[in-house]
Structures are given as structure tokens and as C-alpha cells.
Amino acid sequence: MTEPGNTHAGESTARAQHAEAAEALLADVLLAVAAVATAPLALGGLWIRGWHGPRRDALIGLLGRWSERSPRRINHSTDPTQLHEGMELAGTIGTGRLVRRAGLLADVEGGLLLLAMAERAGQALLGPLAMALDDGRMGLVVLDESLADEQGLLPAVGERLALVIDLRDEAGLWPVSLDLDTLPAAQRWAARIAGARGQWPQVRLDRDALAEILKACAALGIDSMRAPLLAANLARVSAALHGRESVEVDDLGLAIRLCLLPRARQMPVSSNEEAQADNTQTEETPSEEPPPEPWPAPEAQDPAQAAPPEPPPVVPAEAPQEAVPPESEPTDETDKPIPDGASERLIEAALAGLPPGVLALLAGSIAAQAGRGQGVSGAGLLGAKGRGRGRPVGSVRRAPRSGERLHLLATIRASVPFQPLRRQQAAALAATGLQGAGGDGAGPAGQQRIHLRPDDLHVHREKRRRGNTTVFVVDASGSMALQRLSEAKGAVEVLLAECYVRRDRVALVSFRGKGADLLLTPTRSLVAARRSLTALPGGGGSPVASGLEMAARVIAQVRRAGDSTTLVVLTDGRANLTRAGQPGRQQAGEEARQVARQLAALADQRLLIDTSVRPDPAARTLAQALQGTYLPMPFAQARAIGEVVGRAVAPPRR
Amino acid sequence: MTARSRPVYPFSALVGQEEMQLGLLIATVDPLVGGVLILGDRGTGKSTAVRALAAVLPQIDTLPGCPYRCVPSACAGLCAACVPAVDAQPRPEAPASRRGRSRAAGAAARVAATATVSVPVPVVDLPLGATEDRILGALDLEKLMTLGQKSFEPGLLARANRGFLYIDEINLLEDHLVDLLIDSAASGENRIEREGLSIVHPSRFVLVGSGNPEEGELRPQLLDRFGVAVEVRTPKDIDLRMEVVLRREAFERDPQSFLASEEAAQQALRERIVAARRALPKVALSQELLRQLSMLCLKLGTDGLRGELSLMRAARAAAAFRGEKKVSLETLREVAPMALRHRLRRDPLDDTDSTARVARLVDEVLV
């Protein structure tokens with residue numbers, strides 16, 4: 001992040017840089033919208049992250065004006081059965097003749113579907129959409145309002161969308177007052193999209209350019225083979241929009257920024273080693289010829305310069321990048337449009353050009369992925385949402401709503417007593433020649449065997465197996481002697497095995513030193529849980545309140561997804577750091593109890609295991625604030641503790 | 001869910017996923033091997049490979065319009081295609097497989113005259129959010145409401161009969177849907193006893209599931225339904241990745257000519273599969289290898305005899321595909337991890353890679 005100096009001059013340059021970054025971002029965003037309007041099927045679509053607001057609305061407006069057909073909007077509550085063609089039940093019963101409705105997918109065939117509140121959409125809706133994307137039936141624009149630490153869009157869908165626009169850091173964006181339509185760039189794209197639609201498939205993308213895309217994927221740790229394909233298509237669409245016949249460096253840069261960077265699993269540190277490992281031509285060559293043709297990188301760095309003027313602004317601390325990107329310029333290919341090693345410079349340029357806030361988000365999401373044990377998805381959570389997903393138990397009288405199943409027997413049973421009456425009515429209506437419930441679709445009125453009315457309808461009541469998520473909060477501070485910490489770990493491991501049997505999900509929060517870490521977002525992967533537990537270090541202060549606060553956030557999310565929650569806190573209760581990171585036992589303890597009281601209302605079951613050698617009053621009062629079970633663990637064996645706890649936290653059988 | 005009218009990427013043009021290809025081919029040569037479980041990350045070409053299967057398989061004969069794609073000589077007698085007079089009126093008294101015999105015999109006689117048609121082997125996608133009705137089939141509301149007829153609307157299990165049922169991200173599938181599959185996958189038929197329906201229809205399919213085990217575990221009962229489990233990794237070699245992308249691009253740019261250029265290879269593969277199916281009953285497994293195979297399973301501690309049986313079947317199918325008259329040691333070594341890696345009794349907290357465990361013992365025992 002660019003830290004401006006204290007001087008006035010420093011501030012103004014910072015502001016200028018900021019404005020420049022916002023401008024660059026806007027240029028990318030406009031091109032992204034133009035690209036998806038040009039080739040929705042080849043690009044899969046556009047993933048817009050960020051909250052509702054005038055900027056997002058403006059982009060959606062542009063999309064509507066630029067697309068061949070304006071996008072069809074649906075949201076998370078759309079009934080998945082509407083996607084495919086079918087019978088309209090209420091209409092069919094009401095009129096007595098078959099009423100069909102067209103499927104949404106057939107409706108948008110070849111165009112764009114816009115899914116709002118995508119982070120709340122369940123598998124029932126997203127599964128078929130992902131499949132439709134695979135079939136190239138439509139392009140998808142998703143509006144994802146998830147928070148940074150929340151499970152967002154189902155990864156299976158995100159994976160299939162080429163373009164990602166991140167509007168979450170509002171400070172780094174263009175001014176709201178800006179009228180996008182008046183921008184020269186916007187006008188240029190508006191004029192060119194129609195032409196680009198026919199041209200982009202002819203745009204050449206040569207092997208070198210493709211190799212750069214693949215190298216960028218390798219450097220960013222992107223394994224999926226969909227990403228390079230989408231990036232390649234994006235580069236070609238971008239070239240077509242610029243009126244070029246073949247892909248050039250700018251197009252590659254754009255593809256890296258908009259398609260690859262958001263999928264990054266690592267910052268480009270290992271690229272050098274990897275390049276050397278599998279590509280002999282990247283050996284350090286003493287002579288550094290400038291590229292035959294200078295290709296100004298978008299951020300106006302001198303592309304021939306091997307080392308960037310300053311290290312890339314955000315590099316994960318554990319992986320410092322100090323090596324100069326190896327330059328290799330084979331002399332025999334003088335008129336190559338894409339200089340070798342372009343991807344590395346392009347990634348650097350892309351990183352340098354991003355506004356600082358976005359970089360923080362990006363780094364955060366990479367860390368989150370690492371914490372999830374190689375990208376454990378939130379799909380499990382999402383799966384719990386939506387109707388029509390449980391075991392049927394009985395019926396209830398109402399017309400089927402989204403995803404509900406009609407309970408036929410109950411429906412017909414409800415109508416049976418009225419059959420003679422309705423038959424008479426129908427006959428009377430037919431006799432008077434009025435259009436009646438008999439309906440011509442079903443033949444003469446008298447032949448309709450069952451006369452149903454919409455208010456006969458019953459639907460299946462479904463009981464969903466509520467999943468349980470156990471959130472562990474492990475105190476790893478210095479006051480937990482190392483011995484105790486490993487015993488606590490042992491207890492958690494035993495509990496994990498219990499969770500496996502119950503098919504619970506587990507999440508793991510630890511606190512030590514300055515704050516709390518979410519080591520593991522809710523997952524069913526026990527292996528991941530165990531791995532992060534084993535790696536948990538100890539020592540430092542004891543910010544109990546921060547740990548509990550983090551747990552509260554996780555629990556709130558789990559509850560939103562409809563799961564019940566069990567909270568297990570392992571601590572000696574000796575809080576000595578406040579949430580703000582200030583030392584002070586008194587206040588730290590008070591804060592901890594305060595958060596604990598909130599948790600008492602949030603978590604369905606609460607348990608505190610006192611890990612101090614002698615039972616500690618601090619831990620007991622904390623358990624009281626939690627209104628939970630208090631279990632001292634003096635010199636206990638892990639397994640013994642595990643059994644006690646297992647009994648204590650077992651969810652009540654229903 | 002509509003019929004895939006779009007061109008499908010050809011199986012023969014897949015690059016760099018040998019283990020997955022072999023696993024799928026084993027299942028095509030001998031469907032009795034059981035299902036194929038594909039373990040790996042997104043974007044590694046799992047779906048592409050599975051969907052490409054239909055085109056390399058020889059077409060199957062059935063009656064025109066039969067939603068279950070019955071074998072003409074053994075039709076279930078459920079639909080109007082084979083029993084024109086029957087309006088699929090369900091008979092509650094006995095399962096179709098038994099009570100249908102006399103009726104089916106009559107139907108078979110009637111349909112003998114009817115021309116059969118060749119249709120592609122079905123490869124059916126089961127989306128994650130599918131409802132029970134969609135999978136099992138349900139009362140046809142449309143007919144009920146408009147014609148007052150009680151008739152059965154076949155679901156995905158009917159459509160997958162004699163073909164493949166593919167579930168991407170199977171580890172995220174809801175438990176109650178998994179239960180439906182487990183039963184059908186074992187019995188080869190789908191039983192519907194609800195809403196006044198009482199129907200049994202053939203549903204013999206090869207279950208193909210894919211998913212990333214890191215994102216959730218599969219229930220052991222479901223794991224057991226898979227004959228082979230293959231691991232798929234994204235190619236790390238840049239040249240190989242280039243090749244993947246270039247081919248895919250070429251295909252997307254001009255599917256027709258890409259398909260045309262692959263047709264010879266596809267045809268060769270098709271013939272190989274047909275030949276392998278013919279040769280399969282004659283492929284022998286020597287006593288010596290059988291002993292080693294049992295030893296391997298014993299040492300790995302697989303449950304019961306399932307490990308042995310499925311490894312034997314898979315090895316014979318692989319040998320048949322490779323034109324071996326006797327299963328060779330190499331083939332057995334190659335197939336062993338696929339057939340066994342998901343059958344190890346597993347401590348949920350044990351981090352050790354089961355593939356590594358199998359590989360170690362394969363080196364030790366199969367020499």
C-alpha cells in the first residue's frame with residue numbers, strides 16, 4: 001500500500017495516484033462490461049462483487065444498453081423449476097386446461113441472465129445454471145453481496161465466469177456522480193460492440209500469447225484449466241473491441257487483471273523457480289536485449305526494465321519476492337507480438353495498478369483460501385438453503401411456492417367431498433354455454449374426472465435435517481502452558497472424531513497475541529481441521545474477547561444458513577488483552593464476559609472447558625456469562641475429556 | 001436437461017488425464033465393475049471426459065420412443081412403446097421384473113415385428129439441486145390434471161438406464177438424495193412406491209461421480225458403490241497445458257471440423273471398446289496374480305472381499321481393453337490403486353494419503 005509521507009506534497013501525490021488507480025479500474029470495468037456484452041457465451045459471464053449502490057446500478061444499466069438483448073433478471077428466491085419448461089399448476093387447475101410456461105433458460109437462450117443476491121442462492125438454482133453455462137446456453141451476470149469473510153457465490157459457478165469486478169472497496173472507486181455514458185471509453189465501446197461480436201472469433205491468439213496466459217496461471221497458482229481458456233477468450237474479445245486482429249500485450253494484461261488475478265491462490269513468487277524448473281530457456285542470460293518492439297504496459301512502466309522500480313506493493317510476508325524476473329529474449333524471433341516473460345511483468349503491472357483496498361481484499365481472500373485447506377468451499381453451507389430439500393412429513397394446504405412439491409393425495413382428498421357439487425356446476429355452466437371450468441383442452445366438461453380448485457392444493461411439508469456446526473475456540477495464549485495446549489488439542493481431536501460420526505461441520509478459531517484467527521471456516525473435512533489444529537502455535541497475550549467475537553461472527557453466519565451451532569471454548573479464562581489490543585486484566589475480562597453474554601443468545605449449545613491446572617474462577621464466571629456448561633480439565637486425559645464433552649454437546653435427538 | 005444437441009468434445013482428443021480415461025474405459029468395457037469416482041479439483045476436465053463418453057460408445061438398440069431404453073428382447077412392459085395397449089397402469093401386486101415376465105414375453109412377441117432403433121448411450125447429468133421427483137420420477141401431473149389419467153413420468157434414473165449417471169461434486173449431494181442413488185445403483189432398478197404409484201423400472205447405470213474430497217467426505221456406503229476411484233490432477237507441465245487449451249480452443253472455434261479430424265481416432269477407440277467387450281469373458285487371471293492380489297488386499301485391510309472382487313473385475317476389463325489375453329502384472333499394478341484407494345478403512349483424522357499407502361504396498365506385494 002502506498003504510504004504517503006507527512007508532507008503536503010506527499011499527500012497530493014497520493015491523492016493523484018489514488019485518482020489514477022480509480023480511473024484505471026474504471027477503464028477495466030467498462031471494458032469488462034463491454035466484453036461480456038460482446039461475447040456472453042464464450043466468456044461465461046461477469047461476477048460483480050460488492051453491495052447494491054449507484055455504481056453497480058450504473059454498470060447494470062450499461063450492460064442492458066450494450067447487450068443484444070437486455071439481461072433477464074432473477075434472484076436467489078427464483079424457483080429452480082422455472083428454469084425449465086413445464087406446466088403451470090395454478091393456471092392449469094384454474095382454467096381446467098393445460099397451461100404451459102416457457103423455461104427461463106429457453107427464454108434467455110444465447111443472451112444474459114442476471115442473478116441478484118447470488119450469495120444467498122442455493123444449489124437447487126445454481127446447479128442447473130452451472131450446467132447451462134457448460135452447455136453455452138447463456139451468459140450469467142451474478143451480483144454477489146457477500147462480505148469478505150462470508151461464503152460467497154458457489155465456487156462451481158464462479159469458476160465458469162471469465163470476468164470479475166470487485167466494487168467492495170468503495171473508497172477506491174470512481175465518483176458516484178460520474179455519468180458513465182458520457183465517458184469517451186464508454187462511447188467507444190458502445191460503438192464497437194456490434195462489430196466486435198462478429199470479429200472476435202477471428203482474432204488470432206498465437207502460441208506465445210497463450211503461453212504467457214498459462215505462465216501467469218502457474219505464477220498465480222491457478223490449477224483449473226477453465227481459467228486459461230476463459231482468459232484466452234477474454235484477450236481475444238478485448239482485441240476485437242480495440243479493433244485489433246491479433247491479441248497484443250494490452251489484451252493479455254486485461255485478461256490477467258480481470259480474469260486471472262481474482263482467482264489467484266498465491267502471489268507470484270514461485271514463478272521464477274517454476275519457470276526455471278520446466279523451461280530451460282529462462283536461464284539467466286547475461287545480455288538483456290530490450291524487446292524488439294516496446295509494448296507500453298498499461299501502467300506505463302518501462303517494459304524493458306528488468307526490475308520494477310519498487311517491489312510490488314503487496315507481497316505476503318512469508319514469501320518475500322526479491323528475485324529479479326528472469327529475462328529471456330531469444331534473438332531469432334524478432335517480430336513476435338508478445339515478448340517472452342510478458343506475463344510476469346503483466347502480473348506486476350496489474351498488481352501495481354490496483355487500488356490499495358482491492359489488494360488488501362485480494363490478499364485477504366488468498367489467506368482465507370489458505371485457511372480453508374485448499375479452497376474448501378462454502379457449498380455445503382449453501383446446500384442447506386432453499387426448499388424442497390428435506391424429507392417429506394405430512395402436508396399443508398397452500399399452493400406450491402418456490403420449489404415445493406404438490407402433495408397429490410392430500411389435494412385430491414380435499415377435493416373429493418365437493419366433486420358432485422362441482423360436477424353439477426360444471427354441467428350447468430356447460431349447458432348455459434358459458435366458458436366454464438370444463439375447459440376445451442381437456443375435452444367436454446363431463447369428461448373431466450376430477451374437478452379441482454386452486455384452494456384444494458396441498459403441498460408436502462418437509463423437514464430438513466438441520467445440520468450442526470461445532471465452533472471450537474482454542475486459547476493459544478502464553479498462559480496456557482505448552483503442556484496444557486497440547487492436551488487441549490488432544491481434546492479437540494477427540495471431539496472432531498465425534499463430529500465426524502454426527503456428520504457435523506467444524507470451524508476453528510484460535511486467539512493469542514494481538515487477536516483472533518479464523519483457522520478454519522466451517523467444513524466437513526476433518527483432515528483440514530486436524531491439519532490446522534496441529535499447526536496451531538502457542539504463546540502471547542490472551543485476548544479472550546477477540547476470540548469470542550470471531551466465534552460469534554462465524555456462528556451468526558452458520559445460523560443464517562439454517563444450521564444449529566455448538567460452541568466449545570477451551571480457555572483458562574484469564575483475559576489480559578482488550579479487543580483493541582490494550583493490556584489490562586480488568587477491562588479485558590469485562591469485555592470477554594460481555595461478548596460471552598451475546599454468544600449465549602447466538603449459539604444453541606455452549607460449553608467452556610477450563611484448561612487451567614486448578615479450576616479458575618475467571619473461567620467459571622466466563623462460563624456463567626455464556627450460560628453454558630462448565631467443565632474443568634485438571635490433569636485430565638484428552639480422551640476422558642472428549643467423552644465427557646461428547647456427551648455434553650451431543651445435540652438432542654428429535 | 002434438454003438433450004445435448006451441441007457438439008461434444010471428443011473423448012479421443014483428451015490430453016494428459018490417462019488415469020481418468022482408463023478408469024472410464026474400464027467401466028465402459030465392463031459396466032459391472034461398478035461406478036467410477038473421479039477425485040480432483042474443478043477445471044481438470046472431469047465433466048468434459050464424462051460427457052464425451054457417449055460418442056465413443058457403440059449405440060444401443062431399443063424400441064422407438066421407450067423412455068427407459070429397454071432392451072428390445074427384455075422389455076419391462078411399462079410404456080406405450082412396447083405395450084401399446086397399456087397406459088402404464090401400475091399393478092401393485094408384484095415387482096415388474098417378475099410379474100412382468102409373462103406380460104413382457106407377450107410384449108416381446110408383439111414388438112419383435114416392430115423395428116428397433118439405435119440410440120446413443122445416455123449420459124445423464126444429475127444437477128446438485130435436483131429434487132426427489134426429478135430423480136425418481138413422479139406422477140405425471142399434466143396428464144392427471146388435464147386427462148384425469150394416472151401415469152408415471154420417468155425421472156433421471158429412467159433416462160440413465162443402460163448408460164451413465166454423472167454427478168459433479170457428488171460429495172455435496174444431500175444425504176437423502178444419496179440414499180436414492182445407493183439403492184438403485186445396487187439393485188439395477190428403480191422402485192417407486194408413493195403417491196399411489198407402484199412401479200419398478202429398470203435402472204441399470206454406471207454411476208460416475210466427481211468431487212474434491214477436501215470439500216467434504218463421501219458416505220462409506222456410497223463410496224462402496226464405486227468400482228474404481230481415479231485421481232485427476234491438473235497438468236503441471238506448461239507444454240501439456242498448452243496442448244489442452246489449444247485443442248479446446250480449436251474445438252470451440254470450429255466444432256464440426258475438429259470432430260471430423262478426430263473421427264478416425266474416435267472410431268478406432270469405439271472398435272477397441274467393442275473388441276474388448278467381446279474379449280472380456282476370455283481374459284484370464286493367473287493363480288499367481290490372484291494370490292498376490294489377495295495378499296495386497298489383506299495387507300491393506302480392505303473390508304471383506306469387495307476389494308478383491310472389484311480389483312479383479314477392473315483388472316480384467318483393463319486387460320481386455322489393452323488386448324491382453326491374460327492380465328499382466330503391469331496392468332494389475334496400474335489398476336490396483338484405482339480399485340482400492342477408496343476402500344481402505346479410514347480413520348477420519350488420519351491424514352495419510354490413501355493413494356500413497358496403496359502405492360507402497362503395490363510396490364511391495366505386486367512384484
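## Exercises on a predicted two-chain model

In chain B, 75% of the contacts with a separation of 6 or more are between residues 24 or more positions apart. The model is a predicted one, and the exercises below work through parts of both chains.

**Exercise 1.** Describe the make-up of chain B in terms of its helices, its strands and its buried residues.

*Solution.* Begin with the secondary structure: chain B holds 14 helices and 11 strands. Then turn to burial, where 48% of the 367 residues of chain B count as buried.

**Exercise 2.** Determine whether B:Phe251 is buried or exposed, and identify its contacts beyond its neighbours within four places in sequence.

*Solution.* First locate the residue, which belongs to helix H9 of chain B. Next apply the cut-off, by which a residue is buried if 20 or more other C-beta atoms lie within 10 Å of its own; B:Phe251 has 21 such neighbours and therefore counts as buried. Once neighbours within four places in sequence are set aside, B:Phe251 is in contact with B:Tyr9 and B:Phe258. Finally, consider B:Val8, which is 243 residues from B:Phe251 along the chain, although the C-alpha atoms of the two are separated by 9.1 Å.

**Exercise 3.** Compare the span of helix H10 of chain B with the expected value, find where the helix bends, and state what covers its buried residues.

*Solution.* Start with the span: H10(B) comprises the 25 residues 255-279, and the distance from its first C-alpha to its last is 34 Å, close to the expected 36 Å. The helix nevertheless has a bend of about 50°, located at B:Glu263. Now look for its buried residues, which include B:Phe258, B:Leu269 and B:Ala276; B:Phe258 is also one of the contacts of B:Phe251. The cover over the buried residues of H10(B) includes four helices of chain B, namely H1 (18-29), H2 (46-56), H9 (238-253) and H12 (306-321).

**Exercise 4.** Give the strand order of the five-stranded open sheet in chain A, and explain why E2 and E7 each have one side without a neighbour in the sheet.

*Solution.* Write down the order, which is E2-E5-E6-E1-E7, with parallel pairing. Strand E2 (72-75) and strand E7 (163-166) stand at the edges of this sheet with a single partner strand each, so one side of each lacks a neighbour in the sheet. From one strand to the next, the twist averages 15°. For a view of one pair, take strands E1 (residues 45-49) and E6 (residues 139-144) of chain A, which run parallel and are joined by five bridges; here A:Gly45 stands opposite A:Leu140 of E6(A).

Key
Residues numbered from 1 in each chain as written. Chains lettered and ligands numbered in written order. Predicted model: local features only at pLDDT ≥ 70, side-chain atom pairs only at ≥ 80, totals over all residues. Helix = DSSP H or I, 4+ residues; strand = E, 2+ residues; numbered from the N terminus. Expected span 1.5 Å × (residues − 1). Bend = angle between axes of the 7 residues up to and from the residue. Buried ≥ 20, exposed ≤ 12 C-beta atoms within 10 Å, placed from the backbone. Contact = placed C-beta atoms within 7 Å. Pairing = 2+ DSSP bridges. Axes fitted to C-alpha atoms, helices over the stretch in contact; angles between N-to-C directions.
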